[in-house]
Amino acid sequence: MSDLSQIVKAYDIRGTVPDQWDERTAEALGVAFTQVLNASGEPGDAVLIAHDMRATGPGLAAAFAAGVRAEGRTVIELGLGSTDMLYYASGSLDLPGAMFTASHNPAQYNGIKMCRSGARPIGQDSGLAEIRDRAQALLDSGEARPAGEPTAPVQQRNLLADYAAYLRKLVDLSRIRPLKVVVDAGNGMGGYTIPTVLGDAALPALPLEIVPLYFELDGTFPNHEANPLDPKNLVDLQRAVVEHGAEIGLAFDGDADRCFVVDEHGEPVSPSAITALVAARELAKHPGSTVIHNLITSSAVPEIIREHGGQPVVSRVGHSFIKAEMARTNAVFGGEHSAHYYFRDFWFADTGMLAAMHTLAALGEQSLPLSVLAGEYERYVASGEINSTVGDQAATVAEVRAAYPDAEADELDGLTLRFPDGAWFNLRASNTEPLLRLNVEAPTRERMTSLRDEVLDRVRR
């Protein structure tokens, strides 16, 4: 019997298959999802469903579809797709959707990212908790199957070419200087979408030479995990950029909604720098607009937003929080330290591909190497996220807070302490594990290292 409290997270569903959830669970979730849509008066009579390259995806998606159809909504099967392609479908067709993916998690995992029509997010506070409870009740009832016989129809559509054409309208790459680009798809969905977005013969040719790494779709991840946030998974890309003399390297996660960048020397460019770079580009087109950033991004991000005439607004970490804040403020763009990038022109949803295209455009529209260009947006030294296992998260955070009584405190998301010299750290609890996550930034490496080690010693003592 599935315990949905173990797999329903803050803003998606994720767990191991089949021990934590299976096709029966997926069918119950499909019923519950559709009941919540119907009860809230969600427009339209169809639900979009897509899946990534994981072996369990088609079966789970089909079971979920049976639950949707049993509740009277047509299913539009998109087949293989990236998460941002599902968001494109939801936005352009104004229909709710479900994407079957576990993003960067290992092969035995799968999950669901759900959205309402117009790619509006569904999180714990916007329907996901109700979906969990309804599905759990169905599973606990002991029926052979949680839904009746599917009666609503099924349609198939392939929107990959439409998705590519839409992105190409948002960022014009046709006039940039020639660039050699190494792309590591990590055997994930970038290997499916990138050839069409950047190389479709039906679209104008681009001055890009793409050097592909691991474009073969394989949910067992035979080369490395599709998690570019872990430095060990960038090693192959870094090496290939230098070996091929490329101007830039791009790495995508499993469902290709996040993009990481390395420069011509193979050195990582921080997501904060990419956030600032894209923000400057969007503010040039939309002067005075609001830009969202989460509280883990570099202090350089709000500084640069203001310098380009924009209004920075800070948000909690997590895509459902960012998307809600973007919709509330009509923000033109939003960025996270985890390399999620959100665009008003993309229904306030996140798309790593569009961020990658903006970065290519910024690089190709001038003659500076990426290391120099990115350096204009890198002003501070950051630790990256460091996890520590603790027995009592709240007590540990309280002890750390007490150790710095004179620091400026912010509790928007965990504990953020800021110091007069510009150094700061954030300590926040994981939603799913007994972990505390630490991020530290300071004006110099020495100050960052000192503060990082000092806080870690208190956390792990």
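In the predicted model, Ala409 stands opposite Leu417 of strand E21. This pair belongs to the antiparallel association of strand E20 (residues 408-410) with strand E21 (residues 415-418), which is made through three bridges. The two strands form a hairpin with four residues between them, and in this hairpin Gly414 adopts a positive phi near 75 degrees. Strand E21 also pairs in the antiparallel sense with strand E22 (residues 424-429), in this case over four bridges, and Leu417, the residue that faces Ala409, stands opposite Phe425 in E22. Strands E21 and E22 likewise form a hairpin, here with five residues between them, and Gly422 in the turn has a positive phi of about 95 degrees.

Elsewhere in the chain, five strands form an open sheet of mixed pairing, in which the order is E9-E8-E10-E11-E12. Strands E9 (208-213) and E12 (268-269) stand at the edges of this sheet and have a single partner strand each, so one side of each strand is left without a neighbour in the sheet. Within the sheet, strand E8 (residues 179-184) runs parallel to strand E10 (residues 248-252), to which it is joined by four bridges, and Asp184 has Ala251 of E10 as its bridge partner. Helix H11 (residues 352-364) lies across E8, E9, E10 and strand E11 (259-262), and the direction of the helix is at about 175 degrees to that of E10.

A packing of two helices is found between helix H13 (residues 393-403) and helix H14 (residues 445-460), whose axes come within 9 Å and cross at roughly 135 degrees. Because angles over 145 degrees would count as roughly antiparallel and those from 65 to 115 degrees as roughly perpendicular, H13 is classed as oblique to H14. The crossing of these two helices is right-handed, and the residues that meet there are Thr396, Val400 and Ala403 from H13 with Val455, Arg458 and Val459 from H14.

Salt bridges number 22 in the structure, and the pairs described here differ in how their partners are exposed to the surroundings. Lys285 is bridged to Glu282, with 3.0 Å between the closest N and O atoms; both residues lie in helix H8 (residues 271-285), where they are three residues apart, about one turn of the helix. Lys285 has a relative accessible area of 43% and is therefore partly exposed, whereas Glu282, at 1% relative accessibility, counts as buried, the limit for that class being under 20%.

A further salt bridge links the side chains of Arg452 and Asp453, with an N to O distance of 2.9 Å. Both of these partners are partly exposed, Arg452 with a relative accessible area of 23% and Asp453 at 38%. Arg461 in turn forms a salt bridge with Asp457, the closest N and O atoms being 3.0 Å apart; here Arg461 counts as exposed at 69% relative accessibility, while Asp457, at 43%, counts as partly exposed. In addition to these pairs, Glu42, Arg116 and Arg120 are joined into one network by salt bridges that share partners.

Notes:
Residues numbered from 1 in each chain as written. Predicted model: local features only at pLDDT ≥ 70, side-chain atom pairs only at ≥ 80, totals over all residues. Heavy atoms only, no water. Salt bridge = Lys/Arg side-chain N within 4 Å of Asp/Glu carboxyl O. Buried < 20%, exposed > 50% of the residue type's maximum accessible area, 1.4 Å probe, protein only. Pairing = 2+ DSSP bridges. Contact = heavy atoms within 4.5 Å. Axes fitted to C-alpha atoms, helices over the stretch in contact; angles between N-to-C directions. Parallel < 35°, antiparallel > 145°, perpendicular 65-115°, else oblique. Left-handed = near helix turned anticlockwise from the far one by under 90°.
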